[in-house]
Amino acid sequence: MLETYGWSETLQNAFLPYAASGLVPGRVIVQQRGLYRLITPFGELNAGLAGRFAYTAGDMEHPVAGDWVAAAARPDEGAATIHHLLPRATCFRRKAAGTGETAQVIAANVDVALLVASLNADFNPRRLERYLAVTRESGATPVIVLTKADACDDPSGPIAAAGSVALGAEVIAMSSLTGQGLDAVRRLILPGRTAVLLGSSGVGKSTLLNALAGQALMATQAIREDDARGRHTTTHRELVLLPGGGLVLDTPGMRELGLWDTGAGLSATFADVEELASRCRFRDCSHGGEPGCAIEAALRDGSLPEDRWLSYGKLQREQAYLDRRDDPVAQGEERRKWVRLNKDYRSRKREKGRGWADE
Ligand SMILES: Nc1nc2c(ncn2[C@@H]2O[C@H](COP(=O)(O)OP(=O)(O)OP(=O)(O)O)[C@@H](O)[C@H]2O)c(=O)[nH]1
Ligand SMILES: [Zn+2]
């Protein structure tokens, strides 16, 4: 039964030592302020952290939605106590704002991230680059899903634009309204696999989730219970089981995409830019007019689109800001260099008053 929720041989092996002490495996389907709801071999149980675990676990090791844990179950009470966190296959993290913590885990064990953008109006490939970087950092597989194909006369432009930033990620054009492309999306979320939907407000994430889940969503999403005083309470289930067997993780944290930790993911998403920079004649090239600069050459002949270069600089600047805030001395120096370079580039461009193409 846990296989439905993604239980695997790898997890089974990690769990083995805990089985001996009578614990059971469980997956977190809701996490709210230190209270958890788990799916376990005994069905759904409400859970809290064991005192010792809460005391010794670091911030990053506190379970979040999607996590697998080892817990002591008390099925008669409908309750359990979480004693251990099982290793995460993937994890979405965010730099915690202003708390001095280094990072905050948002979701765990996501296999595929659907990066949702709308084909109808302001389609913005720059936004996709950010989501791609975040996803690559997490370890999940990104797929670009372009919604509202029914409201777009010619989607070939946006599809090509998405493809050009995707660096190998699959691109699917679809419509939740007509059902076009819906099967292609369904095939991404195989039984036991966990997906998330990332994208700006209004691009159609909820509509897509409803189309994927069909009738099942309304029936299963809300957990109604009587609290201690006999009042009805409703909790939003964060891990939604689709009729076809796949899972979608839908948490408030995943919906608020603020300043994310994109370090390694940034390099993967801009591998082409970093590869170009490595071909400059001078290893410490500032891309500011030195002879043999591959970046400037590529900007001039158009093989590196200018907005992609600027977008790279912008994400570097945001990352530099985070680095500076979290570690005032170290780390940031390399990225601050990029900030400077990018400013140089932009001011020199302003001086010229025209684009590189006019040189
Ligand atoms: N024409 C068309 N409209 C769609 C489609 N999918 C969603 N919409 C419309 O787009 C609007 C926004 O859709 P939502 O699903 O609420 O968007 P969302 O991404 O969940 O937005 P947030 O909840 O704010 O994050 C709604 O009016 C939908 O009816 C589609 O495939 N075609
Ligand atoms: Zn250079």
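Strand E4 (residues 68-74) and strand E5 (residues 79-85) run antiparallel and are joined by six bridges. One place to see this pairing in the predicted model is Ala71, whose bridge partner in E5 is Ile82. Helix H1 (residues 9-19) packs on the sheet to which these strands belong, where it touches E1, E4 and E5. The direction of H1 makes about 45 degrees with that of E4.

The sheet itself is a barrel: five strands close up in the order E1-E2-E3-E5-E4, with mixed pairing. On average, and with direction ignored, neighbouring strands of this sheet are turned by 50 degrees against each other.

Two further pairings can be followed around the barrel. Strand E2 (residues 35-40) and strand E3 (residues 43-49) run antiparallel, with five bridges between them. Tyr36 stands opposite Ala47 in E3. With two residues between them, E2 and E3 make a hairpin. On the other hand, E3 pairs with E5 in the parallel sense, over four bridges. In that pair, Gly48 has Thr81 of E5 opposite it. E5 therefore has an antiparallel pairing with E4 and a parallel one with E3, in keeping with the mixed pairing of the barrel, where pairing requires at least two bridges.

The other sheet to look at is open. It consists of six strands in the order E10-E9-E8-E11-E15-E14, and its pairing is mixed. Strand E10 (170-173) and strand E14 (239-241) are the edge strands; each has a single partner strand, so one side of each has no neighbour in the sheet. From one strand to the next, the twist averages 30 degrees.

At the E14 edge, the partner is strand E15 (residues 247-249), which runs antiparallel to E14 and is joined to it by three bridges. Here Leu241 stands opposite Leu247 in E15. This sheet also has a helix against it: H6 (residues 205-213) packs on the sheet and touches strand E8 (112-118), strand E9 (141-147), strand E11 (194-198) and E15. The direction of H6 makes about 150 degrees with that of E11.

What remains is the space between parts of the chain. The largest pocket holds about 450 Å³ of space. Which residues lie nearest its centre? They are Gln31, Val64, Gln104, Val105 and Ile106, out of a lining of 20 residues. By character, the lining of the largest pocket divides into eight nonpolar, six polar and six charged residues.

Several elements contribute to this lining. Strand E1 (24-32), strand E7 (104-108) and helix H8 (252-255) each supply at least two of its residues. E7 gives the most, with three residues. E1 is also one of the barrel strands, and in this way the barrel takes part in lining the largest pocket. The lining also draws on both domains, with at least three residues from each of domain 1 (2-87) and domain 2 (106-255).

Methods:
Residues are numbered from 1 along each chain as its sequence is written. Chains are lettered from A and ligands numbered from 1 in the order in which they are written. This is a predicted model: local features need pLDDT of at least 70, side-chain atom pairs count only at pLDDT 80 or more; totals for chains, interfaces and linings use all residues. Side-chain values use heavy atoms; hydrogens and water are left out. Axes are lines fitted to C-alpha atoms, for helices over the stretch in contact, and angles run from 0 to 180 degrees between N-to-C directions. Contact means heavy atoms within 4.5 Å. On a 1 Å grid over the protein atoms alone, a cavity is a set of points where a 1.4 Å probe fits but cannot get out, and a pocket is an open set with protein on both sides within 12 Å along at least five of seven lines; lining residues have an atom within 4 Å of a point. Grid points are joined across faces, edges and corners, and a volume is the space filled by probe spheres set on the points. Ala, Val, Leu, Ile, Met, Phe, Trp, Tyr, Cys and Pro count as nonpolar, Asp, Glu, Lys and Arg as charged, and the others, Gly among them, as polar. Domain bounds come from an automatic or database domain assignment.
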